[in-house]
Amino acid sequence: MASKGGAMVRIPEMEKMSLEQLKAIKEQTDLEVNLLQDSLNNIRTATTRLEIASTALHDLSLRPQGKKMLVPLTASLYVPGTLDDADKVLVDIGTGYFIEKTMNEGKDYCERKINLLKSNYDQLIEVASKKKSIADEAGAVFQAKLKQLAPTP
């Protein structure tokens, strides 16, 4: 089944459509699939970052107070520092905002966000799969109609 303007379109109904309508459905669903793929890539990137942050929190919690370490200021700039209190961490909650949390709260925050992103990822995979099948159906019907219209030698 396909979705067109909120209404469900079955394959037999697609066969009744004009070539222009089929082409428009195919192009629209292909565009939607591409946008969903971009969203899936963004979710994968965010999940990976949170998993790295969670691992870093775990590693940080194992270090003793007073431990010398390199502190990242940017992706490529590190400065020497000393671990003062490993139980308090700053958590980036987005758009440049940070919240001070305990180590356990920081780990919990990361795990909750990872679970949320994985849930969203699974839902988007399902939607993308349905959209892809709609695009494939529209393309197949389009090709079949083109063959019917082509003169046979």
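## How α2 and α3 cross

Helix α2 passes α3 in a left-handed crossing, a term used when the near helix is turned anticlockwise from the far one by less than a right angle. This comes from a predicted model, in which local features need pLDDT of at least 70, side-chain atom pairs count only at pLDDT 80 or more, and totals for chains, interfaces and linings use all residues. Residues are numbered from 1 along each chain as its sequence is written, and side-chain values use heavy atoms, with hydrogens and water left out. Helices (H or I, at least four residues) and strands (E, at least two) are DSSP runs, numbered from the N terminus.

The angle between α2 and α3 is about 160 degrees, and their axes lie 7 Å apart. Here, axes are lines fitted to C-alpha atoms, for helices over the stretch in contact, and angles run from 0 to 180 degrees between N-to-C directions. The two helices are therefore roughly antiparallel (angles over 145 degrees). Sorted by class, their contact holds 28 nonpolar, 9 polar and 13 charged residues.

## The nonpolar cores

Which residues touch the most other members of the largest nonpolar core? They are Leu 50, Leu 57, Val 89 and Leu 124, in a core of 14 residues. A nonpolar core is a set of buried Ala, Val, Leu, Ile, Met, Phe, Trp, Tyr and Cys residues joined through side-chain atoms within 4.5 Å. Two or more residues each come from α2 (19-61), β5 and α3 (103-149), and α3 gives the most, with 7 residues.

Leu 124 touches Leu 36, Ser 39, Leu 40 and Ile 43, leaving out residues up to four places away in sequence; contact means heavy atoms within 4.5 Å. Apart from the largest core lies another, of 8 residues, including Leu 22 and Phe 142.

## Around Ser 54

Now to a polar spot on helix α2, where Ser 54 is found. Ser 54 is buried, at 13% relative accessible area (buried is under 20%, exposed over 50%, partly exposed in between, with a 1.4 Å probe and protein chains only). Beyond its neighbours within four places in sequence, Ser 54 is in contact with Cys 110 and Glu 111.

Asp 108 sits in helix α3 and is partly exposed, at 40% relative accessibility. Its C-alpha atom is 8.8 Å from that of Ser 54, with the two positions 54 residues apart along the chain as the separation.

## A loop residue to look at

Thr 95 lies in the loop between β5 (88-94) and β6 (97-102). Although Thr 95 is not a glycine, its phi is positive, at about 45 degrees. Thr 95 is also exposed, with 77% relative accessibility.

Note on methods:
Parallel < 35°, antiparallel > 145°, perpendicular 65-115°, else oblique. Nonpolar A, V, L, I, M, F, W, Y, C, P; charged D, E, K, R; others polar.
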